[in-house]
Amino acid sequence: MGKVQGGMKCVKYLLFVFNFIFWLVGSLVLAVGLWLRFDPDTVSLLNEEGAPDTFFIGVYILIGAGGLMMLVGFFGCCGAVRESQCLLGSFFACLLVIFGAEVAAGVFGFLNKEKIIEEVQNFYSKSVNDNNNGTAIASIYHRVLNCCGTKEPLNTSICLDTTADTQDCTSAITEFFNSKLYMIGYVGIGIAGVMIIGMIFSMVLCCAIRNSREVI
């Protein structure tokens, strides 16, 4: 069995280090996704019956991509150490899939930002006008976001507690979900950029291994 020599050995060890970092980053992406999914504030705002679930689609993409990144990072390390064309080829294919998923999460977060925020705002407005369980739902928004009523007009009579810094819930919802959706977008696109390096390393090493075996 031919072994890579010279500069390709450097690529081999660089790929191993990259995959270890990739595994750590996958753990971070998974942790961010799980935090966004189970964040008490977010869950309390979107866990009621009839609440829009569009926000969680991008979160689920992050969670899936993070878990796959951890798995792929492990197999990538094995492929680099064993100099296995099969493992490196599979690693490249998996990176391509994750790359697409991360870009999708990033684009989803940016393109659907306004739509998701509008859906949540409409859900809040509807709950305020609902005579059944609307008061309970609206009170959750008032407590979590420290807000009261819609932007125009600001009706503070529907809130038990208001202070000088209490803002309207329309603006509060926009600020809260903007921060979450930007996080999904930046994490998705940022990690996708890093994956390009891994795909280049894996293909270079895979070709070097094939060439060394052909020589022998």
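A nonpolar patch lies on the surface of this predicted model. Its members are Phe16, Val17, Phe20, Ile21, Trp23, Leu24, Leu68, Leu71, Phe74, Phe75, Val81 and Val97. Together they offer about 1100 Å² of accessible area. Two elements give two or more residues each: helix H1 (7-38) and helix H3 (54-82). H1 supplies the largest share, six residues.

Take leucine 71 as one case. This residue sits in helix H3. Its relative accessible area is 46%. Patch members need over 30%, so leucine 71, at 46%, clears that cut-off.

Now turn to the record. The unreviewed UniProt entry annotates "transmembrane region" at residues 12-35, 55-75, 87-111 and 184-209. In the model, residues 55-75 are 100% helix and 0% strand. The end C-alpha atoms of that span lie 31 Å apart. Residues 87-111 are likewise 100% helix and 0% strand. Here the end C-alpha atoms are 35 Å apart.

Next come the cysteines. The structure holds one disulfide. Cysteine 147 is joined to cysteine 169, with an S to S distance of 2.0 Å. The link connects distant parts of the chain, 22 residues apart. Cysteine 147 is in the loop between helix H6 (134-145) and helix H7 (169-215), while cysteine 169 belongs to helix H7. The angle about the S-S bond is 85°, and the link is right-handed.

Are these two cysteines buried or exposed? Both cysteine 147 and cysteine 169 are buried. Cysteine 94 has a relative accessible area of 29%. Buried requires under 20% and exposed over 50%, so cysteine 94 counts as partly exposed.

How values were computed:
Residues numbered from 1 in each chain as written. Predicted model: local features only at pLDDT ≥ 70, side-chain atom pairs only at ≥ 80, totals over all residues. Heavy atoms only, no water. Disulfide = S-S within 2.5 Å. Helix = DSSP H or I, 4+ residues; strand = E, 2+ residues; numbered from the N terminus. Buried < 20%, exposed > 50% of the residue type's maximum accessible area, 1.4 Å probe, protein only. UniProt positions renumbered as here; feature names shortened; annotations may be inferred. Patch = residues over 30% accessible without salt bridge, like charges linked within 9 Å, V, L, I, M, F, W, Y side chains within 5 Å. Areas by Shrake-Rupley, 256 points an atom, 1.4 Å probe, with all protein chains shown as cover. Salt bridge = Lys/Arg side-chain N within 4 Å of Asp/Glu carboxyl O.
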